[in-house]
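Colleague: Please take a close look at one salt bridge in this model. Then follow its surroundings outward, one step at a time.

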Amino acid sequence: MNPRRYALITGASSGIGAAMARLAVSNGCDVGLVARRADRLEALADELRASDARAGVFMADLSQAGAAQKLAGEVSASGARVDILVNNAGATVTKGFAGTALAEQIAFLELTVVTPAALAHAFLPNMLARSWGRIINVSSIAALSSGAKGNTLYPAGKSFLLKFSQSLNAEVKARGVHVTAVLPGFVSTEFQAANNIPMEGGGATRRFSQTPEEVAQEAWARNEKGHEIVVPGGPPKLAAAFMRFLPETWMRALTRAAAEKYYVGE
Ligand SMILES: NC(=O)c1ccc[n+]([C@@H]2O[C@H](COP(=O)([O-])OP(=O)(O)OC[C@H]3O[C@@H](n4cnc5c(N)ncnc54)[C@H](OP(=O)(O)O)[C@@H]3O)[C@@H](O)[C@H]2O)c1
């Protein structure tokens, strides 16, 4: 009998990451759960162990320099062999770029850019050696936008995840490792509250929102089929098609008008 697959999921303490962890277990995997809030991770691990899965907890602040290497060491020391990596942990810096400390912007880049690349680099050799692996990088539909005031590095960071996923998939797909960038639209999670994003003007956006379970399911299923870019849900797919094919000047005007209501200033 095949040993159970092991999925390491970052940002598993809430939202899309927690949904991914439940989905991984329902697909017969053991899981490693990563985030800062240990109490949330322990509660989820207890829930998942009741389904006879092995669930490990790794408390880590992935916005710190060197966090990915430290985490990879801890995962290896636990005896786990990562088959599936879900780079999902994420946050944003809502305020304007000039008015925030450089350390805050660098922490954003560590979390969004450096950590996912370093974790993929750490676990890829074993996946390639076994000719089987799955990497899911949770980007955002913002990767396709022209950017706007506030959240200044967010579209750039999420674009990095999109392009990184594509290049890596080109490199390793034929060797059994599927790499997928997931570009959700609005998802009902703790993300807005956790990042102080004002939601008063977000009525229309929220009407088309998805649940984290819907995002996780489409991402998981289409990664398995080898899809390189996944925009989960109907309305976000339509929005993504517009964003790809509209002239840049139109896109810019639309993106910036839409983002204005979320801008919190310096
Ligand atoms: N919600 C949306 O509308 C939306 C849309 C597009 C893309 N996304 C992306 O989806 C991903 C998941 O977000 P979500 O919507 O599920 O939001 P969420 O409920 O706020 O979850 C974010 C997760 O990331 C973890 N995290 C944040 N900072 C971290 C850090 N420094 N170190 C370790 N873990 C950290 C959080 O855990 P702790 O706080 O316990 O550390 C939490 O588990 C993010 O990458 C986000 O950019 C979300």
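**From one pair outward**

Modeller: K70 is exposed, with a relative accessible area of 57%; that word stands for over 50%, buried for under 20%, and partly exposed for the range in between (1.4 Å probe, protein chains only). The model is predicted, so local features need pLDDT of at least 70 and side-chain atom pairs pLDDT 80 or more, while totals for chains, interfaces and linings use all residues. Numbering starts from 1 along each chain as its sequence is written, and side-chain values use heavy atoms, without hydrogens or water.

The partner of K70 is E74; their side chains meet in a salt bridge at 3.4 Å, N to O. The term requires a side-chain nitrogen of Lys or Arg within 4 Å of a carboxyl oxygen of Asp or Glu. E74 is partly exposed, with a relative accessible area of 31%. K70 and E74 both lie in helix α3, four residues apart, about one turn of the helix. Helices (H or I, at least four residues) and strands (E, at least two) are DSSP runs, numbered from the N terminus.

What does α3 pack against? Helix α3, residues 67-77, packs with α4 at an angle of about 35°, and their axes are 9 Å apart. The axes are lines fitted to C-alpha atoms, for helices over the stretch in contact, with angles from 0 to 180 degrees between N-to-C directions. On the α3 side, the contact (heavy atoms within 4.5 Å) is made by A68, Q69, L71, A72 and V75. On the α4 side, T115, A118, L119, A122 and F123 make the contact.

Now step from α4 into the loop before it. K95 lies in this loop, between β4 (84-87) and α4 (102-129). K95 counts as partly exposed because its relative accessibility is 40%. Which residues does K95 touch, beyond its neighbours within four places in sequence? They are T100, G150, N151, T152, V264, G265 and E266. E228 is another matter: the C-alpha atoms of K95 and E228 are separated by 32 Å, with their positions 133 residues apart along the chain.

On the other side of that loop is β4, and β4 leads into the sheet. The sheet is open and has seven strands, in the order β3-β2-β1-β4-β5-β6-β7, with parallel pairing. Two strands pair if DSSP finds at least two bridges between them. At the edges stand β3 (55-59) and β7 (229-230); each has a single partner strand, so one side of each lacks a neighbour in the sheet.

Follow β4 in one direction. It pairs with β5 (residues 133-138) in the parallel sense over four bridges. N87 stands opposite N137 in β5. Next, β5 and β6 pair in the parallel sense over six bridges. Here I136 stands opposite T180 in β6. Six of the six residues of β6 are buried, so the rest of the structure largely encloses this strand. V177, V179 and A181 cover one side, and H178, T180 and V182 the other. Helix α5 (residues 154-172) lies across β5, β6 (177-182) and β7, and runs at about 160° to β6.

Elsewhere in the sheet is β1 (residues 6-10). Five of its five residues are buried, so β1 too is largely enclosed by the rest of the structure. Y6, L8 and T10 point one way from β1, and A7 and I9 the other way. With β2 (residues 30-35), β1 pairs in the parallel sense over five bridges. T10 has V34 as its bridge partner in β2.

Back to salt bridges. The structure holds 14 of them. One joins E260 and K149, with the closest N and O atoms 3.2 Å apart. This pair links distant parts of the chain: E260 is in helix α10 (residues 248-260), K149 in the loop between β5 and α5, 111 residues apart. E260 is partly exposed, with a relative accessible area of 42%. K149 also counts as partly exposed, at 47%.

Another salt bridge joins E218 and R222, whose closest N and O atoms are 2.8 Å apart. Both lie in helix α8 (residues 212-224), four residues apart, about one turn of the helix. E218 and R222 are buried. Finally, salt bridges that share partners join R4, D30 and R54 into one network.
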